[in-house]
Amino acid sequence: MTYPAPDIAWASLTPILIVLGAAALGVLLEAFVRVPAARRIYQFQLSIIAVVAALLAVVWRWVALQGDGVVVLKSMIMLDRQALAWQFLILIFALGGVLLFADKGREGEDAFTPLGSVAPGSAEETVARAKGMYLTEAFPLVLFATGGMMLFATVNDLLFLFVALELFSLPLYILVALSRRRRLLSQEASLKYFLLGAFSSAIFLFGVALLYGATGKTGMYELGGVLATYMPQRSVLILLGVFMVVVGLLFKIGAVPFHFWVPDAYQGAPSPVTAFMAAATKAAAVAALARLSYLVLFRLAWELNWIIWTVAIASMVFGTVLAIVQTDVKRMLAYSSIAHAGFILVAFAGFSPSALSALPFYMATYGLATLGAFAVITQVREVTPDGAIGAEATRLGQWAGLGKRSPLLAVSMMIFLLSFAGIPLTAGFIGKFVAFRAAIEAGAWPLVLVAVLASAAAAFFYIRLAVLMFFTDAPTDVAPHVVIRSTTLGRGVAIAMAIAVIVLGVFPSWALELAHSAGVLLAPAIGG
Amino acid sequence: MPILTILIAWPAVTGLLLLVVPQLRAWAREFAIGASVVELALVVALVAAFDRSQAGAIQFSEIHSWIPQIGASWALGVNGIGLSLIVLSALLVPIVIAAGWKEDDAAPRRAQYLGLVLVSESFMVGIFAARDVFLFYVLFEAMLIPLYFLIGSFGGQQRRYAAVKFLIYSLVGGLVMLVAVIALYFQGPGGDHAFLTMNLTGLTFDPWVGRLLFLGFFVAFAIKAPLVPVHTWLPSVAESARVGTTTLLVAILDKVGTFGMLTLCLTLFPAASRWAAPFIIVLAVISVLYGAFAAIGQDNMYRLVAFTSVSHFGMIVLGIFAFRQTSIEGATFYMVSHGLSTGALFLMVGFLEARHGTVSVKAFGGLQKVVPVLAGTFLIVGLSALALPGMSPFASEIMVFIGAYPAAKVATIVAILGVVLAALYILLTYQKLFTGPTPKAMESTKDLNLRERLVVWPLIVAMLVLGIVPALALDYLKGPSAGIVAIVSQEAGK
């Protein structure tokens, strides 16, 4: 038997290759550059160049794309505009993430522990800190994760999807554990994230195996073809398989009841990692879910809808209710992201074709605001007893009076909160509008009704933070005090995101146009 | 010249400047009143250019594509009703700024407050001029942000509670409306200008679809208006917010609710409006009586005035949903009159509060001898609120009742009781405040100063002029009301 060499359209893979290549190069830098400070600078430059180059490459592919897209690797990878749009988004989030990774205050400390391998509070850690060491592996790790996500958003084959899933998950498990402060919390978060993530990967893989057993296929397009003529009699394996695959993806989106890792991982991870993870992981997972939905799941709409409806309602309700009782800013945003997972699923409900353009736009608005919010969080710090700048001040009460001390940051934060809440004139409103429109188009208006009520309730806790920042005076007698660690990078990211959120909210026309042309999947199976 | 866009942009730009440019803070009051007077002058020019003989038609139309992907346009235009409410807004904002001249010692806070007032004015004008449902919705919701900060940052002890209550009520209403807005898109013609009201008027809906859409809009407007049972945010806000904020809120912003009922509920969903009218009229009558009785029981004067508004809004809603030319004309006239009379009443309470730091009726007494001008002004303003003949609220009320009677006899008769009750709560309050022996603490009360007279008397003059020559306003309101009646009754003929 001969194996013909596969025909690969390399040009279409350029963006992914750039990112993964730079990641590999970064690993070499780790080995060969000996001075920590220099290594940090090289890594940072390499990552930025790689991400920007990949962004340009995506734009180039977008412009060069003929028709609906390019089949890159048989049915494994098809680069259509939908895929390119998601890659673009993920790269934008990665750019913001990398900038925050490199953010370093006057005191010379970034968000990462100097040595991940030593025990928290040990003598080695003190030495490493004193020597001014940096954990520069974070940069190649985030590049690997980005590359994996870009692949994840593109792949048309369930088995390959699993590979991409692991490719972007493994670096994240490590990154979550690397917080400079509160290292035990960080490591615990990482362990939880890893165990639950491994669990969900296993379920996903099991689902793929069942589907393969039932149909002999792993390609989404082919699976969709099989399901077109599917017989309910032999459907137990198929339904179980599809269900497990969906569970694996819902886990990555952070939808209830697969959300348990979200609050811990968000809270424990260093904020730059949380920012990147919250924006990019969700985007990648939504991209994959969208692809799967429109190639395969829509055939099973009748069987699956109740799951999507249940999970969507549960996510919106639980996310909102639990966010109301949080006292930690990062956990609050974590529960809010669970609620947002519910809103995303609302757009899916009914598999309306316009969801394919609504989702990239929605995720763009959500991701930009999330990046910005965490950029602000990295700068609000506690003062240690000896007067130095300490950990992030994430207790809600510590944010009191921020509006007076740093109006720029507080106003930026408020813009992000208003956008999360979906108040008009911010990007979040337009995002919700197009998502809900897709749902109503498909007749899912009861779901939309729940969603808007959840939005109204959610506004309560977003606005509560705004109240703290603007209406409440900072307590002067309670230790520890809070300071604004003002850094050019962090502040720059926050302000850039705030501007983006307003621009997308007031003049969304051009972005909607792009999202609209991105709403095309190459596969002719759509609407079949 | 895009005059409506300018009218919207001017207060927004000046307000934002006040908020972000620290150098302006020292002159915040002068800057803000200057900006609002310029706005008023522009509005006067607008009135001059408005063709009164065509008051029923939309004038000064501007239509630009805004977000074509979702069918939203930047579409503005006013008929007589929108114009009247814009005039009311432009008139009240400088008055409110002048009334609060002495508040806030710290310049930055003053600048923040006045900046927010100006930004709110921009939203008000925008809402009354919007001719696109999506644009209307965006402004309707976005307006909550400056209002929330106005209520939450400035005022009494309970202000944050009141601000949250206000926000939650308004958001729930607004978001329910959002579902209706999106659903309306799919019922309408679609395309780049899918949300233009003129493209949406005259659509026929499946009965239940139309009713649900109607309800989506109506709930939002009933909360804003406010109608019993969704009125409870208003007394809370009135007692804790600053008097200027409350004045703007009750005198102008609540009109957004009734304005929405008229221009969106009735014209877009005439069949559903007719279907819902009996229930709404019952609610309106309950509002009239409940608000009046609740007002009688109040000791806090802000809450008292707030409840009188609930009562008066009941009458407006009754007029609207009686669907008759006279009743709708009366209701629109009442929207303007109520803005003048309740605005004046709130400002008077504010002056009393500024003198003695309390608004409890019990704390006052016998003021007539000490401050005759204040007492006299209060009495006139009070009499306007109870619809004394010769003042514009009287003309409005009588038109509502005469118009509504043939359509809803029992309801109208019961609602007229509200007028009797109004006499009770106004005169009783006046009696407690101003007659009888003067307590020691009240003896040194200062009378109205020049600034305060200049603030309230123009409102009284306006009420008297409109009360004696109602045609001045009705010329602007007749045409649009006739248009609305035509749409509603045409539907009935089908």
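This is a conversation about how some labels are given to residues in the structure above.

Biologist: What should I know about the model and its numbering before we start?

Modeller: This is a predicted model, in which local features need pLDDT of at least 70, side-chain atom pairs count only at pLDDT 80 or more, and totals for chains, interfaces and linings use all residues. Residues are numbered from 1 along each chain as its sequence is written, chains are lettered from A and ligands numbered from 1 in the order in which they are written, and side-chain values use heavy atoms, with hydrogens and water left out.

Biologist: Why is L88(B) called buried?

Modeller: Buried means under 20% relative accessible area, exposed means over 50%, and partly exposed lies in between, with a 1.4 Å probe and protein chains only. L88(B) has 3% relative accessibility, so L88(B) counts as buried.

Biologist: Where does L88(B) sit, and which residues does L88(B) touch?

Modeller: L88(B) is placed in helix α3 (residues 80-99) of chain B, where helices (H or I, at least four residues) and strands (E, at least two) are DSSP runs numbered from the N terminus. Leaving aside residues up to four places away in sequence, L88(B) touches A251(B), I252(B), M335(B), V336(B), G339(B) and L340(B), a contact being heavy atoms within 4.5 Å.

Biologist: What makes D80(A) and R291(A) a salt bridge?

Modeller: A salt bridge is a side-chain nitrogen of Lys or Arg within 4 Å of a carboxyl oxygen of Asp or Glu. The side chains of D80(A) and R291(A) meet at 2.8 Å, N to O, and so satisfy that rule. D80(A) belongs to strand β2 (residues 77-80) of chain A and R291(A) to helix α11 (residues 271-295) of chain A, so the pair ties together parts that are 211 residues apart in sequence. Both D80(A) and R291(A) are buried.

Biologist: How do you know that E392(A) and K330(A) form a salt bridge?

Modeller: Their closest N and O atoms are 3.5 Å apart, and the limit is 4 Å, so the pair is counted. The pair links distant parts of the chain, with E392(A) in strand β4 (residues 389-392) of chain A and K330(A) in helix α13 (residues 329-348) of chain A, 62 residues apart.

Biologist: Why are E392(A) and K330(A) called buried?

Modeller: E392(A) has a relative accessible area of 12% and K330(A) has one of 3%, so each counts as buried under the cut-off.

Biologist: How many salt bridges does this rule give over all chains?

Modeller: The count comes to twelve over all chains.
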